[in-house]
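Biologist: Before I rely on any of the labels attached to this protein, I would like to hear what stands behind each of them. Could we look at it together?

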Amino acid sequence: MLGSPPTAPRILLVEDDEHNAEIARVALVNAGFVVTWVDAGEAALACAREGGWAAIVLDMHLPDLDGLGVSRALRADATHSDVPILGVSALASTADRAAASAAGIDVYLTKPYRRQELLDALTEAIARRRG
């Protein structure tokens, strides 16, 4: 008897812009990930608490709780401290990157990013967290 097929890695995509979310979602699905999309920080925290995420792709500017706040909340919870978080933002200054790093963001991509840049960063972050 054959074992069950491997489960595709689950990605939580947090992006308030529907167009940007669809571009990222299609790229991730085509790369073999299962994607759940939410458009706000509080919704991201609720979904993240479900567990089982391979990584979180997190926009920094959200309508309620921003990406830095989401990341801080997840990093404060030991059950989510090992989930890779990729922050995405149009802001590219050294200060923005430092704030993201201090909030627990593993990788910071600036918009617009290339599809392959997102996939490479995500794959690398997941591999690094798995050890």
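Modeller: Let us begin with the naming of elements: helices are DSSP runs of H or I with at least four residues, strands are runs of E with at least two, and both are numbered from the N terminus. Arg75, for example, lies in helix H3. This is a predicted model, in which local features need pLDDT of at least 70 and side-chain atom pairs count only at pLDDT 80 or more, while totals for chains, interfaces and linings use all residues. Residues are numbered from 1 along each chain as its sequence is written, and side-chain values use heavy atoms, with hydrogens and water left out.

Biologist: What makes up the secondary structure of the protein, and in which order do its elements run?

Modeller: There are 5 helices and 5 strands, and from the N terminus on they run β-α-β-α-β-α-β-α-β-α.

Biologist: Why is the protein called as compact as a globular protein of its length?

Modeller: The radius of gyration is taken over C-alpha atoms, and the globule rule is 2.2 Å times the number of residues to the power 0.38. For 131 residues that rule gives 14 Å, and the radius of gyration of the protein is 14 Å, so the protein is as compact as a globular protein of that length. Along the principal axes, the C-alpha atoms fill a box of roughly 55 × 30 × 25 Å.

Biologist: Why is Ser89 called buried?

Modeller: Buried means under 20% relative accessible area, exposed means over 50%, and partly exposed is what lies in between, all with a 1.4 Å probe and with protein chains only. Ser89, in strand S4 (residues 85-89), has a relative accessible area of 1% and is therefore buried. By the same cut-offs, Ile105 counts as buried at 7%, Asn20 is partly exposed at 28%, and Gly52 is exposed at 59%. Ile105 belongs to the loop between helix H4 (94-102) and S5, Asn20 to helix H1 (residues 18-30), and Gly52 to the loop between helix H2 (41-48) and strand S3 (55-59). Over the 131 residues of the protein, 42% count as buried.

Biologist: What makes helix H3 largely enclosed by the rest of the structure?

Modeller: The helix covers residues 67-76, and 7 of its 10 residues are buried, so the description follows from that count. Those buried residues are Gly67, Leu68, Gly69, Val70, Ser71, Leu74 and Arg75.

Biologist: How do you know that Asp66 caps the N-terminal end of H3?

Modeller: A polar contact is a pair of N or O atoms within 3.5 Å; within protein, one must be able to donate a hydrogen and the other to accept it, and residues adjacent in sequence count only if both atoms are side-chain atoms. A side-chain oxygen of Asp66 lies 3.2 Å from the backbone nitrogen of Leu68. In the same helix, a polar atom of the Arg75 side chain lies 3.1 Å from the backbone oxygen of Ser81. In strand S4, a polar atom of the Ser89 side chain lies 3.0 Å from the backbone nitrogen of Leu91.

Biologist: Which residues does Ile105 touch, beyond those up to four places away in sequence?

Modeller: Contact means heavy atoms within 4.5 Å, and with those close places left out Ile105 touches Leu58, Met60, Ser71, Ile85, Leu86, Gly87 and Ala100. With the same exclusion, Ser89 is in contact with Met60, His61, Tyr108, Leu109, Thr110 and Lys111, while Asn20 touches Glu15 and Lys111. Arg75 has partners that include His80, Asp82, Asp106 and Arg129. Of the contacts in the protein with a separation of 6 or more, 60% are between residues 24 or more positions apart.

Biologist: What makes you place Arg10 over the face of Trp53?

Modeller: A charge sits over a ring if NZ of Lys or CZ of Arg is within 6 Å of the ring centre and within 35 degrees of the ring normal. Arg10 lies over the face of Trp53, at 3.9 Å from the ring centre.

Biologist: Why is the peptide bond from Lys111 to Pro112 worth a remark?

Modeller: Most peptide bonds are trans. The bond from Lys111 to Pro112 is cis, with omega near -5 degrees, and Pro112 is found in the loop between strand S5 (107-110) and helix H5 (115-130).
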